[in-house]
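The following account leads the reader through one protein model, from the packing of its helices to its strands, its cores and its loops.

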Amino acid sequence: IRTDQRTLWYIACPKCKEQVQRASEDMLDGPCEKCNAPTTGTRRWIFTGQCNDPSGSRYVSFFDDTAVRLLGGRTADEMAPTKESDSSRFDAHFLKHSFQRVVMKCQVKSDTYNDEQRIKVSCQNFEPLNPVAEGRRLLAEIASMGA
């Protein structure tokens, strides 16, 4: 999980999840343009991690729902003070939850930025790897191809 990014979260409206304008780490208050009302925002995770399988590796984006599960249930609001006060403990928490073996369901989109085409991958869901269940699923899939 890349903790060297400029920010690992954004400040969002608790109702609609859109970014709160003019909010900062020191002041979470600001207007939500979608709700058209002033609000106190909450931090929501948005970071990338390198995921590997036999076909290679790719950076995958994790958004708040999957990121909280990946990080052992810790929200960005809970971890923000740790990043400010003890960055080594913050990095250790991320390292502790890295290198997991999971089966992921991802969304893949093609995007063009500065006349350059890119592939964006984001994690939609993941489950811990169960080798027995995964083996049975793959055998069933192979068997269905031969029928």
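**Packing, pairing and loops**

The cover over the buried residues of helix 2 includes strand 1 (9-12), strand 4 and helix 3. The buried residues in question include A76, M79, A80 and T82 of helix 2. It should be kept in mind throughout that this is a predicted model.

The relation between helix 2 and helix 3 can be described geometrically. The two helices pack at an angle of about 130 degrees, and their axes lie 5 Å apart. Because of that angle, helix 2 is classed as oblique to helix 3. On the side of helix 2, the contact is made by M79, T82, K83 and S85, and on the side of helix 3 by S87, R89, F90 and H93. Of these, M79 and T82 also belong to the buried residues of helix 2.

Strand 4, part of the cover over helix 2, also has a strand partner. Strand 4 (residues 42-53) and strand 5 (residues 56-63) run antiparallel and are joined by eight bridges. Two residues separate these strands, which together form a hairpin. Within this pairing, T48, located in strand 4, stands opposite S61 in strand 5. Is T48 buried or exposed? T48 has a relative accessible area of 16%, and therefore counts as buried, since the cut-off is under 20%. Leaving aside residues up to four places away in sequence, T48 touches I1, R2, Q5, Y59, V60 and S61. S61 is thus both a contact of T48 and the residue opposite T48 in the strand pairing.

The nonpolar interior brings strands and helices together. The largest nonpolar core has 18 residues, and those with the most contacts inside it are L8, W9, W45, F47, F62, F90 and F94. At least two residues of this core come from each of strand 4, strand 5, helix 1 (64-70), helix 2 (76-85), helix 3 (87-96) and strand 7 (116-128). A second core, separate from the largest one, has five residues, including I11, C13, C16 and V20.

Within the largest core, L8 may serve as an example. When residues up to four places away in sequence are not counted, L8 touches R2, T3, R44, W45, I46, F47, K83, F90 and F94. Among these contacts, W45, F47, F90 and F94 are themselves listed with L8 among the core residues with the most contacts. F90 also takes part in the contact between helix 2 and helix 3, as does K83.

The cysteines call for separate comment. How many disulfides does the structure hold? The number is zero. For C35, which is in no disulfide, the nearest cysteine sulfur is that of C16, 3.7 Å away. That separation does not qualify as a disulfide because the sulfur atoms would have to lie within 2.5 Å. C35 counts as partly exposed, at 32% relative accessibility. C51 is likewise in no disulfide, and the nearest cysteine sulfur, belonging to C106, is 6.5 Å away. With a relative accessible area of 21%, C51 is partly exposed.

Finally, the backbone of one loop deserves attention. K17 lies in the loop between strand 1 and strand 2 (29-32), and its phi is near 70 degrees, a positive value in a residue other than glycine. R22 is placed in the loop between strand 1 and strand 2, with a positive phi near 65 degrees, again in a residue other than glycine. As for accessibility, K17 is partly exposed at 38%, whereas R22 is exposed, with a relative accessible area of 69%.

Methods:
Residues are numbered from 1 along each chain as its sequence is written. This is a predicted model: local features need pLDDT of at least 70, side-chain atom pairs count only at pLDDT 80 or more; totals for chains, interfaces and linings use all residues. Side-chain values use heavy atoms; hydrogens and water are left out. Two strands pair if DSSP finds at least two bridges between them. Helices (H or I, at least four residues) and strands (E, at least two) are DSSP runs, numbered from the N terminus. A nonpolar core is a set of buried Ala, Val, Leu, Ile, Met, Phe, Trp, Tyr and Cys residues joined through side-chain atoms within 4.5 Å. Buried means under 20% relative accessible area, exposed over 50%, partly exposed in between (1.4 Å probe, protein chains only). Contact means heavy atoms within 4.5 Å. Axes are lines fitted to C-alpha atoms, for helices over the stretch in contact, and angles run from 0 to 180 degrees between N-to-C directions. Angles under 35 degrees count as roughly parallel, over 145 as roughly antiparallel, 65 to 115 as roughly perpendicular and the rest as oblique.
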